[in-house]
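The following exercises are to be worked through with the sequence and the model at hand. Each task is followed by a solution in steps.

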Amino acid sequence: MESKQLTNAINKHLFVPIPEDLAGHLQEVVVNHVSGMTADLVTNYANAVFRNLVDWKFKNTVQTKYKEQFGGTLTLPNIVYLILEGYALRQMVESDTFDSGQKAKFSLIVKNCAVIRKGSWDGIVCSKWLIEIYGYYDEYSKKKVIKNVAYSNLLKAVVPKAQWAETGLEITEKAVYDQIRSLCASGVRGELNWYINHEFKSISSPFAKAYVLAKKMVKEWNWKYISDSPIEKMRMALGEESKKRKQLGKIVEEVTAVIAKEQLVTPGEGSSILLSRIVEGKNAMLDERRFSALEFGVYLYYELLLETFNS
């Protein structure tokens, strides 16, 4: 992003505009800082941006690095640092420092922290940058999904034979790999459908159902390799119950009453806000917010996906 664009983004929020050369220096400072970004820093910055707060460590870093690079002391209003925070998050998916997997993980962190603003994004500065960060994970996940291919030829070659050597098929052929993968994906879908039509029905709470389904889709069935979106499958599984709504505090009570403690996932990521509320009782000031069962399940899905991202 050119410094002129950053200048415009900052000056929309100031009575007295900053000069473009200062914006250029700020951009350089932030870009240099981004090259050393970690998941913990992304979590801190995303939490701050969605709360319209300035992370004090980020502010100190910008001030220190600015003085080191350009001399002088920065005297800027907090709104500028808030914009720079959002810019730093946006820049991380543009940086050549990180591979696509790291960028996807950062994108997931930002997606998970968005639950803080569940219901309204009003007042978030530079919200378009955050939406672009969302889009990075969406594109990354699509590349993981190989759509079904026809496997009738594979079935005809394999089923009548007792040994693989008799089939004449070479696993090095991409078409054979695609067909085998398609069979595996179909098996996963069949397992999910069986579960929904049998054991799933015995769970009384739609929110507990959403929790269990999200956990199984991520931890047991590797759904990220089967479909790039869990939403339609979860909506289908929950049916009309997907629309039921409750305050988060009530949802947590309901889920923990139905699901045994040992079956709950203990979070390790700072952006797993709902998991932390359920398992550890961490208060994210969201207990009064209302979630549908579908919304709750989808948020959990992405939190669980980040928890298992490198597995």
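**Exercise 1. Salt bridges and their surroundings**

Which residue does the side chain of Lys 243 meet in a salt bridge?

Solution. The model is a predicted one.

Step 1. The partner of Lys 243 is Glu 240, with an N to O distance of 3.5 Å. The cut-off for a salt bridge is 4 Å between the side-chain nitrogen and the carboxyl oxygen, so the pair qualifies.

Step 2. Consider the accessibility of each partner. Lys 243 has a relative accessible area of 56% and is exposed. Glu 240, at 62%, is exposed as well.

Step 3. Place the pair in the wider count: a search of the whole structure yields 15 salt bridges.

**Exercise 2. A salt bridge within a helix**

Identify the helix that holds both Lys 174 and Asp 178, and state whether each residue is buried or exposed.

Solution.

Step 1. Both residues belong to helix H9, which covers residues 174–197. They are four residues apart, about one turn of the helix.

Step 2. Their side chains form a salt bridge with an N to O distance of 2.8 Å.

Step 3. Lys 174 has a relative accessibility of 59% and counts as exposed. Asp 178 has 12%, under the 20% limit, and therefore counts as buried.

**Exercise 3. Other salt-bridge arrangements**

Determine which parts of the chain are tied together by the pair Asp 287 and Arg 277, and then name the members of a salt-bridge network that includes Arg 90.

Solution.

Step 1. In the salt bridge between Asp 287 and Arg 277, the closest N and O atoms are 2.9 Å apart.

Step 2. Asp 287 is in the loop between helix H13 (273–280) and strand E2 (290–292), whereas Arg 277 is in helix H13, so the bridge ties together parts 10 residues apart in sequence.

Step 3. Arg 277 is buried, at 16% relative accessibility.

Step 4. The network joins Arg 90 with Glu 94 and Glu 132 through salt bridges.

**Exercise 4. The nonpolar core and helix H2**

Find the residues of the largest nonpolar core that touch the most other members, and examine the setting of Leu 26.

Solution.

Step 1. The largest nonpolar core has 99 residues, and those touching the most other members are Leu 26, Leu 89, Met 92, Val 110, Tyr 211, Val 255 and Phe 296. Helix H14 (residues 293–307) gives the most to this core, namely 10 residues.

Step 2. Beyond its neighbours within four places in sequence, Leu 26 contacts Ile 10, Ile 18, Val 62, Tyr 66, Leu 74, Leu 76, Val 80 and Leu 84.

Step 3. The buried residues of H2 include Leu 26, together with Leu 22, Ala 23, Val 29 and Val 30 among others.

Step 4. Helix H2 (residues 20–34) has 15 residues, and its first and last C-alpha atoms are 21 Å apart, close to the 21 Å expected at 1.5 Å a residue.

**Exercise 5. A nonpolar surface patch**

Name the residues that form a nonpolar patch with Leu 183, and locate Leu 183 itself.

Solution.

Step 1. Leu 155 and Val 159 join Leu 183 in a nonpolar patch on the surface, with about 250 Å² of accessible area together.

Step 2. Leu 183 is a residue of helix H9, and its relative accessible area of 31% makes it partly exposed.

**Exercise 6. Loop residues**

Where do Asn 52 and Asn 222 lie, and what are their phi values?

Solution.

Step 1. Most residues other than glycine have a negative phi.

Step 2. Asn 52, in the loop between helix H3 (39–50) and helix H4 (56–70), has a positive phi near 55 degrees. Asn 222, in the loop between helix H10 (206–219) and helix H11 (231–238), has a positive phi near 50 degrees.

Step 3. Asn 52 is partly exposed at 31%, and Asn 222 is partly exposed at 39%.

Step 4. Asn 52 is in contact with Ile 124, which also contacts Val 49, Phe 50, Arg 117 and Leu 130. Ile 124 lies in the loop between helix H6 (100–113) and helix H7 (127–144) and is buried, at 8%.

**Exercise 7. The whole protein**

How many helices and strands are there, and what percentage of the residues is buried?

Solution.

Step 1. The protein has 14 helices and two strands.

Step 2. Of its 311 residues, 50% count as buried.

Step 3. Among contacts between residues at least 6 apart in sequence, 76% join residues at least 24 apart.

Conventions
Residues numbered from 1 in each chain as written. Predicted model: local features only at pLDDT ≥ 70, side-chain atom pairs only at ≥ 80, totals over all residues. Heavy atoms only, no water. Buried < 20%, exposed > 50% of the residue type's maximum accessible area, 1.4 Å probe, protein only. Core = buried A, V, L, I, M, F, W, Y, C linked by side-chain atoms within 4.5 Å. Contact = heavy atoms within 4.5 Å. Patch = residues over 30% accessible without salt bridge, like charges linked within 9 Å, V, L, I, M, F, W, Y side chains within 5 Å. Areas by Shrake-Rupley, 256 points an atom, 1.4 Å probe, with all protein chains shown as cover. Expected span 1.5 Å × (residues − 1).
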